[in-house]
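I opened this notebook to keep a record of what I looked up, one topic at a time. The entries follow the order in which I went through the model.

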Amino acid sequence: LVGENRIIAKIGLDMLSKGPHRVGLQSLLDVCGLTGKTIDSYHIGFMLAPRVNAAGRMSTPDLATRLLLASDESERDTARSLAMQLDAENVRRQGEEAEILTAAKKIVQSDPDVGARSVLVVAGEGWHRGVIGIVASKLVDAFHRPAIVLSIEGEVAHGSCRSISRFDMLSALERSGHLMIRFGGHKQAAGLTIEAARIRELRAAVNAVADEVLTPTDLMPRLRIDGDLTFRTITGEVASGVSSLAPFGAGNPRPVFAARGVEIVDGPRKLKDRHLKMALKQDGRIFRAVAWRAAERQEYLTEHRAAVDVAFSLEHNEFGGERFVELTLSDAKAAAS
């Protein structure tokens, strides 16, 4: 999201927020609960796009095509119905994805032939091919290693690959190409088809490449912090200044700041069993904070609640017609003595 891409995305987001829209897109915004809201990259990445993509992943992309092409007012009922179908397909996609991700993580954690390797290669019978790419991405996020997820259908397996910045996945597949029926992609993401009987050979081959090019430090996740920011210096003006750098994404990541010796004065409490919410205090100032997908860290944060160092980004939130600055935590650790 730099250069002309950033300009196109920024203008597009403004237009999505202001309207007016064709009935198809308006119906999708209605179903997502986004009508009248300022649309940002989060809404696209986690609400609108997943519903559009769910059609092709779970059934037929024709559903999304018909919805987005619906332009006449007389098609409003049809568009509403299509938007509801996409919403239902997305719920089904989330269920399939969660089931496969749980099974894949169990394999990584219980089978040393998989989990002890630099590249995670997991396979399962009948795993839905529409979601294995998302599962591969989530394995990369969870273990910070390249991942290949394969769906076995009879004697053939279809795979989806995702990587980390230090590992060229396509190059690894090219060096293992004799094992596969077909493959293609780029450095960070690829797809392949292979005989199911050769999955073990593929695992050995791509890991042989990884052992040549990756070091243990390459497999350690890194969080890049832009600078320290004390709570006393956080104002609505500062948060607005950061927001003006949006839209954020590849090439233009959201700035991450650090505050040290922060007290957790309320919480951390679980939010929807997956996230944590809390109130943080430093120098007499208190901010609400959310840590997404961090429920497993509740005990650690509770234990060290008297003083933690936090890495966070600034967000504007609205509640009851009031706009306030909220922190999104990227990470936290016990404060350095």
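The entries below deal with a helix, a sheet, the cysteines and the salt bridges.

**Entry on the model**

I noted before anything else that this is a predicted model, and I kept that in mind while writing each entry.

**Entry on helix α4**

I began with helix α4, which spans residues 62-69, and asked which of its residues are buried. I found L63, A64 and L67. Looking down the axis of α4, I saw that these buried residues fall within an arc of 90 degrees, so they line one face of the helix. I then asked what covers them, and the cover turned out to include α2 (23-32), α3 (41-58) and α5 (76-110).

In the same helix I looked up a charged pair, D62 and R66, which form a salt bridge with their closest N and O atoms 3.7 Å apart. Both residues lie in α4, four residues apart, which is about one turn of the helix. I wrote down their accessibility as well: D62 is partly exposed at 37% relative accessible area, and R66 is partly exposed at 41%.

**Entry on the sheet**

Next I turned to an open sheet of five strands, and I wrote its order as β1-β2-β3-β5-β4, with mixed pairing. I noted that β1 (120-125) and β4 (180-185) stand at the edges with a single partner strand each, so one side of each is left without a neighbour in the sheet. On average, and with direction ignored, neighbouring strands of this sheet are turned by 15 degrees against each other.

I reminded myself of the general rule that strands of a sheet pair through backbone hydrogen bonds, either parallel or antiparallel. Which way do β1 and β2 run, parallel or antiparallel? I found that they run parallel and that six bridges join β1 to β2, which covers residues 147-153. In this pairing A123 stands opposite L150 in β2.

At the other edge I followed β4 to β5 (residues 189-195), where five bridges join the two strands and the run is antiparallel. Here R182 stands opposite T193 in β5, and a hairpin of three residues joins β4 to β5.

**Entry on the cysteines**

How many disulfides does the count give? The count comes to zero. I also looked up two cysteines one by one, taking under 20% relative accessible area as the cut-off for buried. Because its relative accessibility is 8%, C32 counts as buried, and C161, with a relative accessible area of 0%, is buried as well.

**Entry on the salt bridges**

I reminded myself that side chains of opposite charge can pair when their charged atoms come close. A search of the whole structure finds 17 salt bridges, and I looked up some of them in detail.

The side chains of R198 and E201 meet in a salt bridge with an N to O distance of 3.1 Å. R198 counts as partly exposed at 25% relative accessibility, and E201 counts as partly exposed at 38%.

The side chains of D266 and R269 also meet in a salt bridge, with 2.9 Å from N to O. I noted that D266 is partly exposed with a relative accessible area of 35%, while R269 is partly exposed with 37%.

My last note concerns a network, in which salt bridges that share partners join D113, R117, R200 and R203.

Methods: Residues are numbered from 1 along each chain as its sequence is written. This is a predicted model: local features need pLDDT of at least 70, side-chain atom pairs count only at pLDDT 80 or more; totals for chains, interfaces and linings use all residues. Side-chain values use heavy atoms; hydrogens and water are left out. Buried means under 20% relative accessible area, exposed over 50%, partly exposed in between (1.4 Å probe, protein chains only). The arc is that of the directions from the helix axis to the C-beta atoms. Contact means heavy atoms within 4.5 Å. Two strands pair if DSSP finds at least two bridges between them. Axes are lines fitted to C-alpha atoms, for helices over the stretch in contact, and angles run from 0 to 180 degrees between N-to-C directions. A disulfide is a pair of cysteine sulfur atoms within 2.5 Å. A salt bridge is a side-chain nitrogen of Lys or Arg within 4 Å of a carboxyl oxygen of Asp or Glu.
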